[in-house]
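Welcome, and thanks for taking a look at this one with me. Have the viewer open as you read, and let us walk through how the parts of the chain meet.

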Amino acid sequence: MADVAVGKDKCGEQRLVSLPLSRIRVIMKSSPEVSSINQEALVLTAKATELFVQYLATYSYRHGSGKEKKALTYSDLANTAEESETFQFLADILPKKILASKYLKMLKEKREDDEANDDESDDGEAES
């Protein structure tokens, strides 16, 4: 596992992180509260991100259907985000995939329910 975390840069020297630091710097600077970024903070953020992604992938693989297929799929990640309390904050970022026709049907049903609720509330106000 240590080999995965240690990458090589353009000069052939070993790096502590595999993610591109320039991209992480851009993401960090996109926050209006951040004016300057210390190099150590940048490296620590990159390493923490790598460890988090590794933990998410490992957890999803172990608790999903990936073990049977020996592959990690998007649905494994989405199930982990939905079912695990630890990863619940990712549920909006990793939604379960559904067919467009199923989504349109859900929207139609929701509109019908909303209209029925509006009609009931209008009736209740008219009777009072």
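## Cores and contacts

In this predicted model, the largest nonpolar core consists of six residues: Leu56, Leu77, Ala81, Phe87, Leu90 and Leu94. Leaving out residues up to four places away in sequence, Leu90 touches Phe52, Leu56 and Ala81. Another core, of five residues, lies apart from it, and includes Val17, Ile24, Leu42 and Ala46. As background, nonpolar side chains in soluble globular proteins tend to be buried together.

Leu56 is a good residue to click on next. Leu56 belongs to helix 3, and with a relative accessible area of 11% it is buried. Not counting residues up to four places away in sequence, Leu56 touches Leu77, Thr80, Phe87 and Leu90. Leu56 and Ala81 are 25 residues apart along the chain, and their C-alpha atoms are separated by 9.1 Å.

Zooming out for a moment, the protein chain has six helices and two strands. Read from the N terminus on, the order of the elements is α-β-β-α-α-α-α-α. Of the 128 residues in the protein chain, 15% are buried. Among contacts with a separation of 6 or more, 27% are between residues 24 or more positions apart.

## How the helices pack

Two packed helices are described by the angle between their axes and the distance between the axes. Here are two pairings that share helix 3.

| Helix pair | Angle | Axis distance |
|---|---|---|
| Helix 3 (residues 39–63) and helix 5 (residues 74–83) | about 100° | 9 Å |
| Helix 2 (residues 21–29) and helix 3 | roughly 105° | within 10 Å |

How are helix 3 and helix 5 oriented, parallel or perpendicular to each other? With a packing angle of about 100°, helix 3 and helix 5 are roughly perpendicular. On the helix 3 side, the contact is made by Leu56, Tyr59 and Ser60, and on the helix 5 side by Asp76, Leu77 and Thr80. Sorted by class, this contact of helix 3 with helix 5 has three nonpolar, two polar and one charged residues. Leu56 and Leu77, which take part here, are also members of the largest nonpolar core.

Turning to the other row, the axes of helix 2 and helix 3 cross at roughly 105°, which makes helix 2 roughly perpendicular to helix 3. Leu21, Ile24, Arg25 and Met28 are the helix 2 residues that meet Gln39, Leu42, Val43, Thr45 and Ala46 in helix 3. The contact of helix 2 with helix 3 has six nonpolar, two polar and one charged residues by class. Ile24, Leu42 and Ala46, seen in this contact, are also among the residues of the five-residue core.

## The aromatic cluster

Now for the rings. How many aromatic pairs does the structure hold? There are five aromatic pairs. In one of them, the ring centres of Phe52 and Phe87 are 6.0 Å apart and the planes stand at 55°, so the pair is tilted. Phe52 lies in helix 3 and Phe87 in the loop between helix 5 and helix 6 (100–127), so the pair ties together parts 35 residues apart in sequence.

Are Phe52 and Phe87 buried or exposed? Phe52 has 31% relative accessibility and counts as partly exposed, whereas Phe87, at 1%, counts as buried.

Phe52 also forms a tilted aromatic pair with Phe89, at 6.1 Å centre to centre and 40° between the planes. This pair links distant parts of the chain, with Phe52 in helix 3 and Phe89 in the loop between helix 5 and helix 6, 37 residues apart. Phe89 is exposed, its relative accessible area being 55%. Phe52, Tyr55, Tyr59, Phe87 and Phe89 together form one aromatic cluster.

One more residue is worth a look. Ser84 is found in the loop between helix 5 and helix 6, and a relative accessible area of 8% makes it buried. Leaving aside neighbours within four places in sequence, Ser84 is in contact with Tyr59 and Asn79. Tyr59 is thus a residue to revisit in the viewer: besides touching Ser84, Tyr59 takes part in the contact of helix 3 with helix 5 and belongs to the aromatic cluster.

Technical notes: Residues numbered from 1 in each chain as written. Predicted model: local features only at pLDDT ≥ 70, side-chain atom pairs only at ≥ 80, totals over all residues. Heavy atoms only, no water. Axes fitted to C-alpha atoms, helices over the stretch in contact; angles between N-to-C directions. Helix = DSSP H or I, 4+ residues; strand = E, 2+ residues; numbered from the N terminus. Parallel < 35°, antiparallel > 145°, perpendicular 65-115°, else oblique. Contact = heavy atoms within 4.5 Å. Nonpolar A, V, L, I, M, F, W, Y, C, P; charged D, E, K, R; others polar. Core = buried A, V, L, I, M, F, W, Y, C linked by side-chain atoms within 4.5 Å. Buried < 20%, exposed > 50% of the residue type's maximum accessible area, 1.4 Å probe, protein only. Phe/Tyr/Trp six-rings, centres within 6.5 Å; stacked < 30°, edge-to-face > 60°.
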